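This report examines how charged and nonpolar side chains are placed in one protein model. Please consult the sequence and coordinates shown below while reading.

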Amino acid sequence: MYMTFSQNVLQPTMLVARLSCTLKSQRGRNGHCTKVPRNVNMEKLQHGYLFPEVSCLEYDFDFLKHATSTAQGSLIERYELMHLEKYPHANVIDLGIGDTTEPLPTIVTSSMIDFVHGLSTAKGYKGYGPEQGEKALRKAIADAFYKDLGIKPSEVFVSDGAQCDISRLQLLMGPNLNIAVQDPSFPAYIDSSVIIGQAGEFVDTNGKYKNIEYMTCGPPTDFFPDLHTTSRAELIFFCSPNNPTGHAATRKQLEQLVDFAKMNGSIIIFDSAYSAYITDDSPKSIYEISGAREVAIEVSSFSKFASFTGVRLGWTVVPEELLYSNGFPVVHDFNRIMCTCFNGASNIAQAGGLACLSPEGLKAVQSLVDYYMENARILVNALASLGLTVYGGKNAPYVWVRFPGSNSWNVFAEILEKTHIITVPGSGFGPGGEGYIRLSAFGQRDSIIEASERLKYLLYQGEN
């Protein structure tokens, strides 16, 4: 079944003047202009994180002008604000941002509570900890996720989350490298590249930055880039399972990626934030691939498998064998970055992370993963029952739905208008996401079931 959504809900051009609404939000404010110029790279950003910064839509234009002067979030958040103004009593279901909803396991919160209580005693008080993370947690991460893969605790750097580490890695590598990214992919890879100065100018005709190699990862190539046609890049950002498509790269695909990096002298930044959701035999770490220690850095997080999105805890692995072109170990420079730019993750969060990796804790967090994957199954079955082409939901908590011939922002807007459900337009993840929407399986079960019924009703009505 091919559904075409109406074109008058959201015009794809959006009548955008890149900074117009941002400037409107400043009107009427008193201020003093210094003589400090704005960072030119900030001016090159085409999106407010996560989506387009400003737009002047035919959809209730007067209210949007008000929203852009008060709401500081993304266009999706502004759309939700508009929608709630129009339908103040609507029960809006958010299947957009991938934020966890289920409570932390008791074993985790109890550990953090005990640690906090200890801080009020002379014996239990702790101040600054190691910038690289507590030794016990670094060892627990190495044992839990990299057993038999040769990763040492000294190669594990604990942080406040994977997204922060992506920016620290960009700072480590500097502005004079070119990068390759999956298309579609997590927007932070591109935005951080623009800010650091790697991306070059934005090309309006194709929606891409000049100096970034966009590796198309769609159904025709099993969501893996055609490396035979991929230009060399010093840094290759690769996420598996992928956000937004939900695809987990196979062992053969990752072997090809590692070989490609070796042949070109590149470094892979491998994002494994969703590896706990893999249900088949796809590798959960790049280090399961022979030779990866010589070409790859791995970034991961407690956020999505342990509901730490608000607690904030992650890690990065930098193997000792990974060397710059002059033979200097990358791990030494990353250690310097962490010691210079970071005072270490919260010791309270680290106490919770250590509890997550205990035998009882691992069992508890696995129940969270299972819960969200059941949500994904419900969404996939509901959409597939209508004949839609649905990807993801098997190795990741994201469902990637194709709407051929439709602009993804139009699909997003019509679903919101007619079902009160927030999704994510695929084009927000890059040009390769056009014609798709992403649904998050992070949500409470009753909301997921209700959303499935609303979507089925909308699409059934559209078909008839």
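Which side chain of opposite charge is nearest to the buried residue R138, and how far away is it? The nearest one is E131, at 8.8 Å, and R138 has no salt bridge. The model discussed here is predicted.

## Overall composition

The protein has 464 residues, of which 54% are buried. Its secondary structure consists of 15 helices and 15 strands. Of the contacts between residues at least 6 apart in sequence, 73% join residues at least 24 apart. The accessible surface amounts to about 20600 Å², and carbon and sulfur atoms account for 53% of that area.

## Nonpolar cores

In soluble globular proteins, nonpolar side chains tend to be buried together. Here the largest nonpolar core comprises 86 residues. The residues with the most contacts inside this core are I141, I268, I286, Y287, I297 and F302. A second core, separate from the largest, has 24 residues, including I93, I421, L439 and A441.

Beyond its neighbours within four places in sequence, I141 is in contact with Y146, V156, V158, F302, W315 and L357. F302 thus appears both as a contact of I141 and among the residues with the most contacts inside the largest core.

## Buried charges without a salt bridge

R138 belongs to helix α6, which covers residues 135-145. Although R138 lacks a salt bridge, its side chain reaches the backbone oxygen of V156 at 2.6 Å. Leaving aside neighbours within four places in sequence, the contacts of R138 are Q132, G133, P153, S154, E155, V156 and V158. Two of these, V156 and V158, are also contacts of I141.

D183 lies in strand β3, residues 179-183. This residue is likewise buried without a salt bridge, and the nearest side chain of opposite charge is that of K208, 4.8 Å away. Because a salt bridge requires a nitrogen-oxygen distance within 4 Å, the separation of 4.8 Å between D183 and K208 does not qualify. A polar atom of the D183 side chain is instead 2.9 Å from the backbone nitrogen of G432. Outside its neighbours within four places in sequence, D183 is in contact with Y214, M215, T216, C217, F429, G430, P431, G432 and G433.

## Salt bridges

Side chains of opposite charge can pair when their charged atoms come close. The structure contains 15 salt bridges. One of them joins D160 to R168, with the closest N and O atoms 2.9 Å apart. D160 is partly exposed at 22% relative accessibility, while R168 is buried at 10%. In the bridge between E234 and R232, the closest N and O atoms are 3.6 Å apart. Both partners are partly exposed: E234 has a relative accessible area of 22%, and R232 has one of 41%.

K418 and E414 form a salt bridge with an N to O distance of 2.8 Å. Both residues lie in helix α14, residues 408-419, and they are four residues apart, about one turn of the helix. K418 is exposed at 52% relative accessibility, whereas E414 is buried at 8%. A network of salt bridges links E155, R293 and E321; E155 is also one of the residues in contact with R138.

Terms used. Residues numbered from 1 in each chain as written. Predicted model: local features only at pLDDT ≥ 70, side-chain atom pairs only at ≥ 80, totals over all residues. Heavy atoms only, no water. Core = buried A, V, L, I, M, F, W, Y, C linked by side-chain atoms within 4.5 Å. Buried < 20%, exposed > 50% of the residue type's maximum accessible area, 1.4 Å probe, protein only. Contact = heavy atoms within 4.5 Å. Helix = DSSP H or I, 4+ residues; strand = E, 2+ residues; numbered from the N terminus. Areas by Shrake-Rupley, 256 points an atom, 1.4 Å probe, with all protein chains shown as cover. Lys, Arg positive; Asp, Glu negative; His and termini not counted. Polar contact = N/O pair within 3.5 Å; in protein donor to acceptor, adjacent residues only side chain to side chain.
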